[in-house]
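Morning, everyone. Please bring up the structure on your screens. I'll keep this short.

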Amino acid sequence: APGAPGAPGAGAESGPGAGPAGAGDAGAATAGAAPTAGTTTELRPEPPPASARTTQARRRDRGQDTIRVPLARLDELSRLIGEAGAAHARAVAALVEDLGGRAAIPADLHVLEGLLHDLQDRTSRTRMVPVARVVEPLRRAVRDVARAQGKDVRFDVAGDETELDRGILDTLADPLLHLVRNAVDHGIEPAEVRAAQGKPEQAQVRLAAAATASSVVISVGDDGRGLDLDRIRAAAAPTTTTTHAAAAADPIGLLFQPGFSTAAQVTDVSGRGVGLDVVRSTLETLSGRIDVHSEPGRGCVFTITVPLTMASVACLVLKAGGRPYAIPLDNVAATVEPQPDHRSLADVLGVPVTAPPTAGVVVTDGRRTATFAVASVVDHRGLVVRGLGRIMPPLPVVAGAALQADGSVVVVLDPAGLLDRAAEARTAADEARHAIPPANAAATPQAAGRPHRILVVDDSAVVRQTQHAVLTRAGYEVQTAVDGADALARLQEWPADLALVDVRMPVMDGLALTAALRADPRFAGIAVLIVTSRATDEDRRRGMEAGADGYVVKGTFTSDHLLDAVAGLLGQDR
């Protein structure tokens, strides 16, 4: 019939009035007018549908315009760019000093600086992927849990085109999965309860993502019952060591305690006590935080904030105890005038207070806030933060370290660890005010005489600073040396009771230092504890033969183990 779709190129007739079909003839009318008898129309293949063109383009792009690159290679590239930027900054600083001002620096160096910043930014973006990458597993989890519990739940998503570092998003996959399962299991009420409250029978779980200048914010919310704070307090009593005062002040914080659960029985989804504490600890490794907002009867929202990329983290650089430290800028709520009741950051870190405070830094993890007095605020800058790996045992207030433009190392502090330390200090102070000392209380080592002195000898600035913090916080007097020769020079003026000695160091290594200490009567009484990454039996044998009193391997012990070893060599009890 006229107007019916023909089969181009097949020689089919189009109906009465159509011309003879054959090579070069069209058996169908062209768009816009019907063909008249005896005329022919040029045969042109129909263009493929838009969806087919898109698929073909994607296949062509994958074959010609994209390549697969291992993430490790991108990490290495980012590291090299960061080191190039630091080297450039050192060169500029040297020229400023030699030429008498930044205005005298050649223009090409300013251009190079801009290019390095641009290169760092573009390299970071090569790791970016959309949040949509993890949406489908979350959608399946909502559907499966809802079906198992007989609930009708709709899963809505907004902002899934938001991009962030692939490594961060992959790390967030499990925490997000736990949050959406929790929302269906704990948050959404049964249908009959919703109906009695006048709510729609179909509940909603919503995932939303958005980016700021340096962060990505991802929220998981529901329109369910909200948090039952009384039930949380009741469930916390037999399962946590949290004080009643803390439970009353921050009941939501109890959700993040290890082993905590409000479930009445163990199921495939809940009741095992493994959940939000893992979510929080995972976020801490990303320098992120989680906020909770709940309204009874209207629902609950968990909001995760993480850095846009781990390649460069925006940090506030400050000074405490004469040393620079950095705190992720997303965890800094404000800087204020220092007040007498502010907790000294130097005290929290266990380093000497070398200058009066000039500022207070308000640190938050979304649930808690504390203000720390610092000697000064330097500036805020992007830092390429690296984990300590096996260099040091895990330290509760240290998130990592970064190389500054002048080549020095700055320790990046963990906000959650700082807040934990501040809370512990407040609790200890409260207990001390109410405690009655026993009549026969023994004198502390500090009361009986000077604290034990410890010399930390290591060519790594990160190791020196972190060991210094651990030991000073434990009540020891601590000094540091960069190698064996430096250690011998310091011991001439500052006799120590114990030396923590690395093995591999320039100028004079740890084994040579240990042998020199044992050969000199002035230093024969100094205990030597070798702390090294060299873990073979041969390394241990050589260390003990050189005269060491103890030998521990980095990365296989915690700060408590280190303090136990130190106390044992000094004849103390811990």
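I'll go through one sheet and two helices that lie across its strands.

One caution first: this is a predicted model.

Start with the sheet. It is open and has five strands. Their order is S18-S17-S19-S20-S21, and the pairing is parallel. Which strands sit at the edges? They are S18, residues 477-481, and S21, residues 550-553. Each of those pairs on one side only. Now the twist. Ignoring direction, neighbouring strands in this sheet are turned by 20° against each other on average.

Zoom in on one pair. Strand S19 covers residues 498-501, and strand S20 covers 527-532. They pair in the parallel sense, over four bridges. Look for Val-501: its bridge partner in S20 is Ile-530.

Next, the helices. H14 lies across S18 and S17, the latter being residues 453-457. H14 runs at about 135° to S18. H15 lies across S17, S19 and S20. Its angle to S20 is about 175°.

How do the two helices meet? H14 is residues 484-493, and H15 is residues 510-519. Their axes come within 9 Å and cross at roughly 30°. Angles under 35 degrees count as roughly parallel, so H14 is roughly parallel to H15.

Which residues make the contact? From H14, they are Gly-484, Ala-487, Leu-488 and Leu-491. From H15, they are Leu-513, Ala-516 and Leu-517. Sort the residues of this contact by type: six are nonpolar, one is polar and none is charged.

That's my tour. Thanks.

Note on methods: Residues are numbered from 1 along each chain as its sequence is written. This is a predicted model: local features need pLDDT of at least 70, side-chain atom pairs count only at pLDDT 80 or more; totals for chains, interfaces and linings use all residues. Side-chain values use heavy atoms; hydrogens and water are left out. Axes are lines fitted to C-alpha atoms, for helices over the stretch in contact, and angles run from 0 to 180 degrees between N-to-C directions. Angles under 35 degrees count as roughly parallel, over 145 as roughly antiparallel, 65 to 115 as roughly perpendicular and the rest as oblique. Contact means heavy atoms within 4.5 Å. Ala, Val, Leu, Ile, Met, Phe, Trp, Tyr, Cys and Pro count as nonpolar, Asp, Glu, Lys and Arg as charged, and the others, Gly among them, as polar. Two strands pair if DSSP finds at least two bridges between them.
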